[in-house]
Structure formats: C-alpha cells, structure tokens
Amino acid sequence: MCYNKLMKTYIVGNWKLNFTVGEASIYLHKLLKAMPNYRDIDVIVAPSTIALQPLSLQVDRHKIKLAAQNGFYRDYGAFTGETSFSQLRGIVDYAIIGHSERRYIFREDDKMVMRKVAAAIRNKITPILCIGETESERTFGETADVIRDQLSGGLSEVGDDDIDKVIIAYEPVWAISSAKSAKLATPDEVADAVALIRKTLKDLYGKAGENVPVLFGGSVNPSNAGAYLTVPGVNGLLVGGSSLILSEFVDIIETAKRVR
Ligand code: PEP
C-alpha cells in the first residue's frame, strides 16, 4: 500500500478558460465513468471558478478531486470580482497558484503568490505552486536563480509545520503550449530543474522538504507523458491543452498507472 505522498502520482488537468458549466459537467461525468479508482493516483481537475460549486456536488471525490485555478488571499472585504480561498473551502481540495499566465498576464508577483499560498493553506486547500523560467531567462542563464527565487518567495509564509501541505509544479514558461513558440522540454532539462527544486526545498525545510511532491507541466500529452513521469524526482503532471480532450487525459492517467 502506498500512502507516502511521494509515492503517489498526481495528474492535474488545468482547463483554463474553457468549457461552459454544462460542458464541464458532461466532461466530468464521462471522466468518472471512464476511470477506475486508482488509489495511488490523485486525479485532479481545475475548472473555471463558476463551475466549481456545481461540480463539487457531482464529483466522486474518491476518484477525482477539484482544484481552483486561482483565489484571492483576503478572506472577505471590498475586492470586487475576487473569490476568496475561504469561499472555496470545502468545494476544492487543491488550488493552482502562481501559474505563469497569472504571473505574466495578470502581473502577480512573488508577494501576491506568497499571500495566496498562505491563504490556501489557512483554508485547508493544498496549493499547487507553479514556478518556472521564461525563454529569455533560460537563454541568459538565469534559470536556477528564477527557480530559487520563485520557490523561496512563494513559500516564504509557509513554516516547517505546513510544508507537507504544498505541491510544487515546475512549468518552464517556454514549454507551455500557449507560448508563442513553445518547445518541448527534454527529460534531462526537467531532471536538472527538479533536482534544483528538491535541493532548494531541502535547504529551506531540511528533512520535511524532502516529502514535497514535484510535478512537471509543459505541453504534456499521451505520447510524452511516460517520459516525463519517469524523470527522477517527478511525482506527477500538470496538463493544460491535452486535459481538454477526454481520451487524451484518460490516456495520460493510464500511462501513469503503467509507468509509476
Ligand atoms: C499549463 O498551462 O499549466 C500547461 C501545462 O499547459 P499545456 O499542457 O497546454 O502546455
């Protein structure tokens, strides 16, 4: 039996701004039907905020868990248009925080990301903290600095007692399918970055940092999922575009069952 968090595999589908509530509900229905209950794989989907509440009534949480794509760090107040983690509490188990689209389109900096991570934990929601360098940062040899800064910045309100409540996703911005000229990351590039993430977590949290799951995301699809899932130190995948196609997402989950 494997209930060590690191032995678990996490497959997360980030639906971004896609699917109406009705479409999301039909997709979830089909996904629930298509999937057996894999006890060692956590399948997580992140629909739009508006779909979360109805889907939370529909989902079988033994099989699939829900994630928010975002949330606000204050619990209530004069913040027009925002949804707080306290409102999401009980509806989702996870929240994607610090996604590159939030960092670069909506100008979220490490301070904002750090506050959101803390707010998610405060509200019993597991943050999936996304970090990763842009293409130009990689070209200028800044990858290691960016990874260290985003990791330590995003976690700066997380104490030793809470680090076991966090998941990290390494998502090089240049490998995300929506990037202008997206390139596939090689398994070796992923391995190097993940090793650095693990070292940084150990430097920051000692032994407790060793148990933090680290996922990879960036143009994952059924034909490359197996290669990324067998990179040392990788505990799962964050999947964007391919998670919108039910057969591909199921294929990725089945690949995880096969190779892990
Ligand atoms: C993402 O946006 O988190 C992502 C990994 O997208 P894609 O799989 O489409 O590259």
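Reader: What relative accessible area does Asp 42 have, and does that residue count as buried or exposed?

Author: The model considered here is a predicted one, and every value in these answers was computed from it. A residue counts as buried when its relative accessible area is under 20%, and Asp 42 falls on that side of the cut-off, so it is classed as buried with a relative accessible area of 7%.

Reader: Which side chain meets that of Asp 42 in a salt bridge, and at what N to O distance?

Author: The partner of Asp 42 is Lys 8, and the side chains meet N to O at 2.8 Å. Lys 8 lies in the segment before strand S1 (9-14), whereas Asp 42 is in strand S2 (residues 41-46), so the pair ties together parts of the chain that are 34 residues apart in sequence. Lys 8 has a relative accessibility of 15% and therefore counts as buried. The partner and distance asked for are thus Lys 8 and 2.8 Å.

Reader: How many salt bridges does the structure hold, and how many residues apart in sequence are Glu 101 and Lys 16?

Author: The structure holds 16 salt bridges, one of which joins Glu 101 to Lys 16 with the closest N and O atoms 2.7 Å apart. Glu 101 belongs to helix H4 (residues 100-104) and Lys 16 to the loop between S1 and helix H1 (21-34), so that the bridge links distant parts of the chain. As for burial, Glu 101 is partly exposed at 21% relative accessibility, while Lys 16 is buried at 18%. The counts asked for are 16 salt bridges and a separation of 85 residues.

Reader: Which residue forms a salt bridge with Arg 138, and what is the relative accessibility of that partner?

Author: The closest N and O atoms of the bridge between Arg 138 and its partner, Glu 133, are 2.8 Å apart. Arg 138 is partly exposed, with a relative accessible area of 27%, whereas the partner counts as buried. The residue is Glu 133, and its relative accessibility is 0%.

Reader: Which residues are joined into one network by salt bridges that share partners?

Author: Beyond the pair of Arg 138 and Glu 133, there are salt bridges that share partners and thereby form one network. Its members are Arg 102, Glu 108 and Lys 116.

Reader: How many strands make up the closed barrel, and what is the average twist from one strand to the next?

Author: The barrel runs S1-S2-S3-S4-S5-S6-S7-S8 with parallel pairing. Within it, S1 and S2 run parallel and are joined by six bridges, Gly 13 having Val 45 of S2 as its bridge partner. Strand S3 (residues 64-68) and strand S4 (residues 94-97) also pair in the parallel sense, over two bridges, with Ala 95 of S4 as the bridge partner of Ala 68. The barrel therefore has eight strands, and the twist averages 25°.

Reader: How many of the residues of S1 are buried?

Author: In a regular strand the side chains alternate between the two faces of the sheet. In S1 both faces are covered, with Thr 9, Ile 11 and Gly 13 buried on one side and Tyr 10, Val 12 and Asn 14 buried on the other. S1 is therefore largely enclosed by the rest of the structure, the buried count being six of the six.

Reader: What is the relative accessibility of Thr 9 in strand S1?

Author: Leaving aside neighbours within four places in sequence, Thr 9 is in contact with several residues, among them Asp 42, Leu 229 and Arg 260. Thr 9 counts as buried, and its relative accessibility is 1%.

Reader: At roughly what angle do the axes of helix H5 and helix H7 cross, and which residues of H7 make the contact?

Author: The axes of H5 (residues 110-122) and H7 (residues 143-154) come within 8 Å and cross at roughly 45°, which means that H5 is oblique to H7. From H5 the contact takes in Asp 110, Val 113, Met 114 and Val 117, and the residues of the whole contact divide into three nonpolar, three polar and two charged. The angle is roughly 45°, and the residues of H7 are Asp 149, Gln 150, Gly 153 and Gly 154.

Notes
Residues are numbered from 1 along each chain as its sequence is written. This is a predicted model: local features need pLDDT of at least 70, side-chain atom pairs count only at pLDDT 80 or more; totals for chains, interfaces and linings use all residues. Side-chain values use heavy atoms; hydrogens and water are left out. Axes are lines fitted to C-alpha atoms, for helices over the stretch in contact, and angles run from 0 to 180 degrees between N-to-C directions. Helices (H or I, at least four residues) and strands (E, at least two) are DSSP runs, numbered from the N terminus. Angles under 35 degrees count as roughly parallel, over 145 as roughly antiparallel, 65 to 115 as roughly perpendicular and the rest as oblique. Contact means heavy atoms within 4.5 Å. Ala, Val, Leu, Ile, Met, Phe, Trp, Tyr, Cys and Pro count as nonpolar, Asp, Glu, Lys and Arg as charged, and the others, Gly among them, as polar. A salt bridge is a side-chain nitrogen of Lys or Arg within 4 Å of a carboxyl oxygen of Asp or Glu. Buried means under 20% relative accessible area, exposed over 50%, partly exposed in between (1.4 Å probe, protein chains only). Two strands pair if DSSP finds at least two bridges between them.
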